[in-house]
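Visitor: Please take me through one part of this structure at close range. I would like to know what surrounds it and how it sits in the whole.

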Amino acid sequence: MSFAGKIVYLVLFPGALTLLLLGAAARLVLGAVSAAARAPRDVRPPGLLSIYSSFAGEPRGEAVLAGAVVWAAPPARLFAVSWVACIVSGFLEGDLVIVYFLLLLAPAARLAAGHAAGVVERGPDATAEYGALVGCAAALGLALAVVALRTGEVEFSLVLNWQVQNGSLIAHTGDGALAVAGSALGLAGALVAGLGLMRLGPFHVQGRAGAHGDAPVRLAGPPLAVLEASDVAMLAVVPLLVTALFFAGGAGTWYQVAFWALKVLGVLVVSGAVGAACARLKGSHALAVLSGVGCALALAGFIMVWTGASL
Amino acid sequence: MSALLAVTVILPFAFAVLAPGLGGSARLRPAFCVAYSLAFTGLNLVLLNGFLAEGGLAWGSLRVDRLNFPVFLVLNLLAAAVILYAGFESSGADGFARGFLIASMFAGSGFASLLVLARGLLAFAVLWEAVTLAALAGLLVAGRGMMRRRLVAFLPWLVSDVLFLSGAVLSKVLLAESAVLIEPPLTAGSEAGVTVVMLLFLASVLLRLSVFPFSFWVADLADRADPAWSAMFLGAVNFLVAGFRLLVVAALIARLAAADWSVLLALLGAFSVVAGPVYALRSRRLGQYVSGMYAFEAGFLLAGVALYSRAGIESATYSLLVAPLAITAMLFACGTVSYLKGGSELGQNRLSPRAARAAFAALLLSGVSIAGLPPMGGFVARALTALAGIERAFVAPLYALLAAAGLAGAAVVVAALARVMSRLFAAKGEPLTGRRPAVAAGLAALAACGASLLLGLFPGILLRNFIAGGSRLLFRTGFEGPGVVFRGSGTAIAHAFSFYTTWSETAAAFLFVVLVLAVAAFFMVDAKRHARPDAGTMPDITCE
């Protein structure tokens, strides 16, 4: 596979552009779920029109080195998400560990851009961002450990193959009820981590508009547009990832592909419903609680799978 | 090639003799240090070429093999970068004190590079103490604050030396062994004797590596020592030498001890991997941040070693070679920043990134590498160790929890890095002291970061040429110890490892598209701004 081919994967299909379109569709689904759940506020990332108008905006001031971070961090986030999509869909090789670190790079890049632009500073907002990052990362790491323990595989393509041969992870009963129950808890932890990655519910942290007047480069214009685009892309990648880890199956026929799409839609709807329900929770306290719950669920799931494997 | 090896070994000592005079002169010091840095780097690269062509080198009783040569090479190249930094960095002492400090750095790096080649325990112990003496001399002659406080901060280092020497003496007395890498079976001694000796060796190296909770001394030293001293003796020398010693001690434990120590070592490593970044996250001084990151790197090294598998040892060796690049760059940056700020307290007198461009970039990139974000060298180290842990978990599921702890620790490192950057730099800030950093000092830091990126993009350079062969010098194929069960790599992990040796095209494609989008967006906005000279104030901002 050539260098140019990989660029095409990352940029076009199944990378950034595809994710943007799928994410826009996912956003509509989330809007419907929020409306049905009567969520108190819109906690979805901005839509394509908003991204376009952000693109037309203009950062103020000259580019300084911190500005270099503001320009580089959003594309790093977008293409990290794109890379994950390429691994999950089998276009690029990868394992569970690189998926984790790419999904860690995504919020790290967002933090970097926010700090560099002076939007995320000290205080409750920053603490909330840090806590959410660590909590969601821990939950995701434990969920991936659950998948690795149950399948005995680390390469992503082999994890999918295992599920094609043995049935999806959540339904496979070959290693006992304890392992199945543990996988369900791992899935719950992964869903909470997914909420954090998609910035739904209380993870949808509002920045302070017009604050930090001394920032030479504001988070506006193309950097903001790319950041918002990466948020939209995340709406497509996270449900796809969770489905691939816990609900994967064959994709050789059209109806298997359609079934995959239904499963991804189901995960998206469940995430949206949980996010809408949790949108009533506010403040950094809510972030800590939700992240902690996700960690606890994933840890409990891991222990159950471990116990099941040992018996 | 023997002659070249001889020159490479002797050159630091020759320059150490000249350093008090030439290094002490403010006019001559930069040229002196640049000359050494360039010459030494060139020598080592030629030596690398020769080693790859011949498969080994020797000079007298010094033998270079696939296990010790990469450590030797990285140590020398890092020492060259630190000398370059020391030649231009002007935060510390001047005059004769500076010259003597640079002399101690030459001597310390020279003794350290000989140390990794030593095969006899007596020579190893003598050189180990020679490094300590050089470090102590440099610390006492230059640094911040009172000399007494610097000496107190150095005490744990001395304690670790006492533990090591005790172990070395008992190894000779109880076990009648005087080799660095003891080959079983033992001709004397009991299991109790083996346990005592191994405990002493292990305690010594864990203290020197600053495995949590023994990491407090790094914070004190980093805040009080001269920045060049910290970069050389904490960043380059200590981590490489102590880490190399850890590999050796782990091999000795596997060869000689009847009990299985792997779970204990793995738990210690996992604890350090989580506690170190938490300590860094709560830091109020730069030294505490450095200490937390140091403990994190040490924890990952220990965790890899504790797996007692081919994959684990190879991942630990990779971590050993890559981590000092990030640590040294971090120490360069912290030294420059504290010099410009006039102190190492976080949150006070924040700098503008423009005032310290290279330090800003080096601190950010070193932190990204330590966290293990792709495509830096630290990411490959984390990934290999995590994969090795997951492989071991297929037999003992506890190791999956430890692997997950490592992954969570990386997330805490990211948070700690973000917090420290926000507390050191602000959009509008200037050095309170009015000082300016030297360009060449910044180049040294960026070169270390560049090397980390290079090894991240092309990990096969180390994995294929050195690490695969070197691990077999510690643990032969089919190794069986009295207590430890050493596992070879299964198909799944071997295939996963091979992915990283060939991943450079994908990683480069990622970097390429990120840079293209960033640069294209910047120039597009710049062109728009120039086309509309009457562009007014920016629209109101919302970041969600």
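Guide: What follows is a close look at one helix of chain B, and then at its wider setting. The model is predicted. Keep that in mind throughout.

The part is helix H18 of chain B, residues 491-501. Its buried residues are Ile493(B), Ala496(B), Phe497(B), Phe499(B), Tyr500(B) and Thr501(B). An α-helix has 3.6 residues a turn, so residues three or four places apart point the same way. Look at the buried set again with that in mind: Ile493(B), Ala496(B), Phe497(B) and Tyr500(B) are among them.

What covers these residues? The cover of H18(B) comes from both chains. Chain A contributes helix H5, residues 96-116. Chain B contributes helix H12 (310-341), helix H14 (377-393) and helix H17 (460-474). Other elements may belong to the cover too, as these are the ones it includes.

Now take one residue of the helix. Thr501(B) lies in H18. Its relative accessible area is 18%. The cut-off for buried is under 20%, so Thr501(B) counts as buried. Setting aside residues up to four places away in sequence, Thr501(B) touches Pro459(B), Gly460(B), Leu463(B) and Arg464(B).

Follow H12 next, one of the covering helices. The loop between H12 and helix H13 (357-371) of chain B holds Ser344(B). Ser344(B) is buried, at 13% relative accessible area. Beyond its neighbours within four places in sequence, it contacts Asp223(B), Arg284(B), Arg285(B), Leu286(B) and Ser338(B). Take Asp223(B) from that list. Ser344(B) and Asp223(B) are 121 residues apart in sequence, yet their C-alpha atoms are 6.8 Å apart in space.

For another buried site, go to strand E2 of chain B, residues 62-64. Val64(B) sits there. Its relative accessibility is 4%, so Val64(B) counts as buried. Not counting residues up to four places away in sequence, Val64(B) touches Leu5(B), Phe51(B), Gly56(B), Leu57(B), Phe69(B) and Leu117(B). Val64(B) and Ser319(B) are 255 residues apart in sequence, and 20 Å separates their C-alpha atoms.

Step back to chain B. It has 19 helices and two strands. Of its 544 residues, 62% count as buried. A compact globule with 544 residues would have a radius of gyration near 24 Å; chain B has 23 Å, which agrees. Along the principal axes, its C-alpha atoms fill a box of roughly 85 × 55 × 45 Å. Consider contacts between residues at least 6 apart in sequence: in chain B, 83% of them join residues at least 24 apart. The exposed area is about 17,900 Å², with 68% supplied by carbon and sulfur atoms. Chain B has 37 positive and 24 negative charges, and their mean positions are 6 Å apart.

Chain A supplies H5 to the cover of H18(B). Chain A has eleven helices and zero strands. Of its 311 residues, 59% count as buried. Its accessible surface is about 10,800 Å², and 70% of that belongs to carbon and sulfur atoms.

A word on confidence in chain A. Its mean pLDDT is 83, and 85% of its residues reach 70 or more. Over residues 206-217 of chain A, the pLDDT is below 50. Beyond near neighbours in sequence, that stretch has 37 contacts in the model.

Technical notes. Residues numbered from 1 in each chain as written. Chains lettered and ligands numbered in written order. Predicted model: local features only at pLDDT ≥ 70, side-chain atom pairs only at ≥ 80, totals over all residues. Heavy atoms only, no water. Helix = DSSP H or I, 4+ residues; strand = E, 2+ residues; numbered from the N terminus. Rg over C-alpha atoms; globule rule 2.2 N^0.38 Å. Buried < 20%, exposed > 50% of the residue type's maximum accessible area, 1.4 Å probe, protein only. Contact = heavy atoms within 4.5 Å. Areas by Shrake-Rupley, 256 points an atom, 1.4 Å probe, with all protein chains shown as cover. Lys, Arg positive; Asp, Glu negative; His and termini not counted. Charge placed at Lys NZ, Arg CZ, Asp CG, Glu CD. pLDDT = per-residue confidence, 0-100.
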